[in-house]
Amino acid sequence: MKMMLKGFLFFAALLCFGMTEAQTVSGTVSDNQGPLPGATVVVKGTATGTTADFDGNYSISASAGDVLVFSYVGYTAQEITVGNQSTINVVLELGNVLEEVVITGYGSQQQKEITSAVVSVDEESFNKGAINDASQLLQGKVAGLQIYNRGGNPNAGAVIRLRGLSTIGANASPLVVIDGVIGASLNNVDPSDIESINVLKDASAAAIYGSRGSSGVILVTTKSGKAGATQISYNGQFSTSGILNQIDYMSPEEFVAAGGRDLGSKTDWIDEVTRDAFTQIHNLSAAGGNGSTSYRISANIRDAEGILLNNGFEQFNTRLNFSTRALNDKLKINFNTSFTQRDQQNGFNEALRYATLYNPTAPVLAANAPYAFNGAQFGGYFETLGLFDSYNPVSIIKQNINNGERRELNYGVDLAYSVNDNLTAYFRSAVQTTDYANRLYYRTTSLWNGGADSPVRKGSAQFYENNFDFQLNEAYATWRKSYDNMNIAVTGGYSYQKENYNEVYFSLGDFPGDQIDYIDAIEYSQDLLNAGQISANSARNPDTEIEAYFARLNMTIADNIYLNASVRREGSTKLGADNRWGTFPAVGLGADLNSFLGLEGVQQLKARASYGVTGNLPGSYGLSQEIRGWSWGGDGAAGGSTGLLRAANPNLKWEEKAELNFGIDLTMDRFSATLDIYQQTSKDFIINRIVDAAVYGFDRRFENAGQLSSDGIELALNYDVTDNYTTGIVLSRNTVVLDEYVQDADKFGNLGAPGQNDTFVTRVKVGEEIGQIWGPVWDGTVTDGSQNFVDVNGDGQLVVGQNNALDENVDFDVLGSGIPDLELGWSNQITLGKYTVNAFFRGAFGHSLVNTFRAFYEPRVGSQKSYNYINTELANDAIKNANFSSLYVEKADFFKLDNLTVSRPITDNVNLSLNVQNAFVITNYTGSDPEPALFDLLDGNPLAPGIDRRNSYYSARSFTLGVNINF
């Protein structure tokens, strides 16, 4: 209801703003040779536009304060303010994309001057449709940038990796910088407010950010206003989504025929806990300015449903960017602020798991039970009592509560003072605060985690809150000088950042009934009368500080040789007191070979090489310090003592990554190509490891250990095939090898219960690639219901026990890799009259997934006749025992039409679009989603990729109607 009211307010605002007066402007678009048919004329900052006809003529509706943008492939765009003109004729000149300015760390450079691996993606190239996570705008668009959000959970953030895994003990995601603010949150920027995103891929580009650039850097620039009449723009999206693919399991008839226990009903449990989800997005913005002052303000409302019941969020976001000048225009002042309020239903992914395995002949409600059943005890729902790990999924999703609330606020000011023609001083100050609260409630009538069958203690309420505060202050200056044959820019500055984090958790239960949601009346908990039942924890880190000094040199010689060098000296209180400072240098050199070769039709053929060192910080605080715990005395109130739980390490230091990158950039009139080849080494990971207690007082402490090396190749090709068709493809490949570790080999990825505890399905081994899926090899035969395995080492003795998984003589083998060998993105834009079609394809090849649903529930285990069976094309009815093997590891190569958009203008001020996400997927994987699992969903372990866990969210296909109205 709240969201409907907000929607009506948006509509009322549209009616009020819809009275802006417009006029018809017409003219011709040509070059020095004649008309340019198909040239584009757009009202800047809107989707209102038209194309010139065969004779170069155009006509468009625009207001006096509007700015018209005239563009054509291969030509420099022109911008002209309408004013009182009714006729505007434009002559375009051949352009040069090499002059485009690209934002880098603490400044910008022309595209031709960049010597490192930097990619810029503008709004026109973003993925379209109902995008709720800003990172998904880039999915598949940048070679080497992995963005995966397995399934369709609207509350789940995407996994982001740049050039593979570069750490095992710190943050593996790229550093995010929004409008210059280091470490800002992508959660607090609405995708509709983003103008462009630049990705700093190699260490040379990222080293200017020092300690947190090891996993790459993503620079986000939000939209700002321009001087001129106020422009009002509304964007609305209305989307519906449903399950794209689900795991094959037995129907009630098949289940009974296979010997399953027949309870008399026919229930599609997946259908019972899912829905056709609806999402609506509303964005209203106003931008304009006068003289040296400009502004843009926006408001965004999102009401997103997940395909799982009671899963989704309602979000309100607003952003202001304000800019002005003072002191005779020498001082430029930029102020920006953003606020996000998000109320989310987290739901329970476990409902999808139990919907897949629950008896398909069981009824939903107790009233339909095949025998006498006390339904009131379980909230009116039927339960298969006495079974291990068997719960009614509808009861799980409808009886229990898992809700969160997040608030984020940031504000900042940027000052730029022009001291003289050569020197500009900059100052930036920003503050960000994030609050999150979660309420988790299991009813007294819920068998799953609520203890409905318990004779004494029923129901549970859990509360969790955290707060994160962040402050940034930076001051730097840039000096520029041009000589006869050389341009120089020198930047130097200081950065100070402070963070603070605290959290609190408590839980209690044993509620008197189910009359109300006792999470709102916890004073009735019987735990308050019984000592030892209430659980409570809290934590706060001291202020964590990062202090840095940095400098950079950019030099251009003869307009064809380019040199970039930087250094950052940085210290952090997260590290040991004796080792807090690190130095991160970088250098890059490039040359335009075409200035020497003079190749016809080539604008630039640039060869470049760069080297840089970056660092990485641990995500947790106080790892270098000792931890002590309190042990109470016998009476629980006195006589306690403290004991050491972790030893201190005053020498704990930065993780470091060194990277060497070679690149080639080719630019022609209609074709461009970029090739990057890189090699990187990461070392000194921050790992909690076993040490000598006699030396350190306890047998565990955090130390620097381990090394990874990786290499890769990235290729990006773009071709304007015709004036109406543009295509581009990005390809990337990356391999990561474990060079050093705390032990020679280790195993991860425990499958768990039922029946496969201590069954680890991934392995790491020094000298070999990360991502190995490890286990016995099925030989294709079955004896007495059990798989027969291959004698891998050929010694005549079959050793396949999990206790021997790391032994030299074990008959295990690498069954696949959780990491893709090749990733692909293919963009296509076609103009057909007034219609524009954007089709984006994406694929990943060479990776495998452990299909855990199959591993647990595909064997026809005689004692499990009350659980449904997975029934894929790979099922073997002769297998009666559940044992993990190569049978349950599947190649998960896929190629999909990820995003298809068709749009056209209805009037000069209205544009409509239709979008499909996940239109189709080509794959042989029998699970729900073939996209790579880059870490273990259970514990976040990046050394255990390739496991498709049973609580994974199902993937979804969505259809979106979009409307853009400009006033």
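**Strands, rings and a few unusual residues**

Let me begin with strand β41, residues 756-765, and strand β42, residues 772-776, which pair in the antiparallel sense over 2 bridges. Within that pairing, R763 has Q772 in β42 as its bridge partner. Before I go further, please keep in mind that everything I describe comes from a predicted model.

These two strands belong to an open sheet of 4 strands, and the order across that sheet is β40-β41-β42-β45, with antiparallel pairing. At the edges stand β40, covering 745-752, and β45, covering 812-817, and because each of them has a single partner strand, one side of each is left without a neighbour in the sheet. From one strand to the next, the twist averages 40 degrees. As general background, the strands of a sheet pair through backbone hydrogen bonds, and they may do so in either a parallel or an antiparallel way.

Staying in this part of the chain for a moment, I would point you to the loop between β40 and β41, where P754 lies. The peptide bond that leads from A753 to P754 is cis, and its omega is near 5 degrees.

Let me now turn to another set of strands. Strand β24, residues 331-345, runs antiparallel to β25, and 15 bridges join the two; one position you can look up there is I333, whose bridge partner in β25 is L415. The pairing of β25 with β26 is also in the antiparallel sense, over 18 bridges, and here V413 stands opposite S429 in β26. The connection from β25 to β26 is a hairpin, made through 4 residues.

Within β25, which spans residues 401-418, I would like to look at E405. Is E405 buried, partly exposed or exposed? Its relative accessibility is 31%, and so E405 counts as partly exposed. If we leave aside the neighbours within four places in sequence, E405 is in contact with Q341, R342, D343, D435, Y436 and A437. Its side chain makes a polar contact with the side chain of Q341, at 3.1 Å, and the side chain of E405 also makes a polar contact with that of R407, at 2.8 Å. Measuring from C-alpha to C-alpha in the model, E405 and E465 are 9.4 Å apart in space, while they are 60 residues apart in sequence.

One of the contacts of E405 that I just listed, R342, brings us to the aromatic rings, since R342 lies over the face of F313, at 3.6 Å from the ring centre. Elsewhere, the charged end of K141 sits over the ring of F840, 4.2 Å from its centre.

As for rings paired with rings, the count comes to 30 aromatic pairs. Take Y106 and Y476: their ring centres are 5.3 Å apart and their planes stand at 80 degrees, so this pair is edge-to-face. The pair links distant parts of the chain, with Y106 in the loop between β11 and β12 and Y476 in strand β27, 370 residues apart. Both Y106 and Y476 are buried.

How are the rings of Y426 and Y476 arranged? Their centres lie 4.8 Å apart and their planes are at 15 degrees, so this pair is stacked. Since Y426 lies in strand β26, residues 423-442, and Y476 in strand β27, the pair ties together parts that are 50 residues apart in sequence. As to accessibility, Y426 counts as partly exposed because its relative value is 24%, whereas Y476, at 9%, counts as buried. Taken together, Y106, Y209, Y426, Y476 and F550 form one aromatic cluster.

I will finish with two backbone details. D179 is a residue other than glycine with a positive phi, near 50 degrees, and D179 is found in the loop between β16 and β17. Because its relative accessibility is 19%, and the limit for buried is under 20%, D179 counts as buried. D559 is not a glycine either, and has a positive phi of about 55 degrees; its place is in the loop between β30, residues 544-557, and β31, residues 561-572. With a relative accessible area of 46%, D559 is partly exposed.

Definitions and conventions. Residues numbered from 1 in each chain as written. Predicted model: local features only at pLDDT ≥ 70, side-chain atom pairs only at ≥ 80, totals over all residues. Heavy atoms only, no water. Buried < 20%, exposed > 50% of the residue type's maximum accessible area, 1.4 Å probe, protein only. Contact = heavy atoms within 4.5 Å. Polar contact = N/O pair within 3.5 Å; in protein donor to acceptor, adjacent residues only side chain to side chain. Pairing = 2+ DSSP bridges. Axes fitted to C-alpha atoms, helices over the stretch in contact; angles between N-to-C directions. Phe/Tyr/Trp six-rings, centres within 6.5 Å; stacked < 30°, edge-to-face > 60°. Lys NZ or Arg CZ within 6 Å of the ring centre and 35° of its normal.
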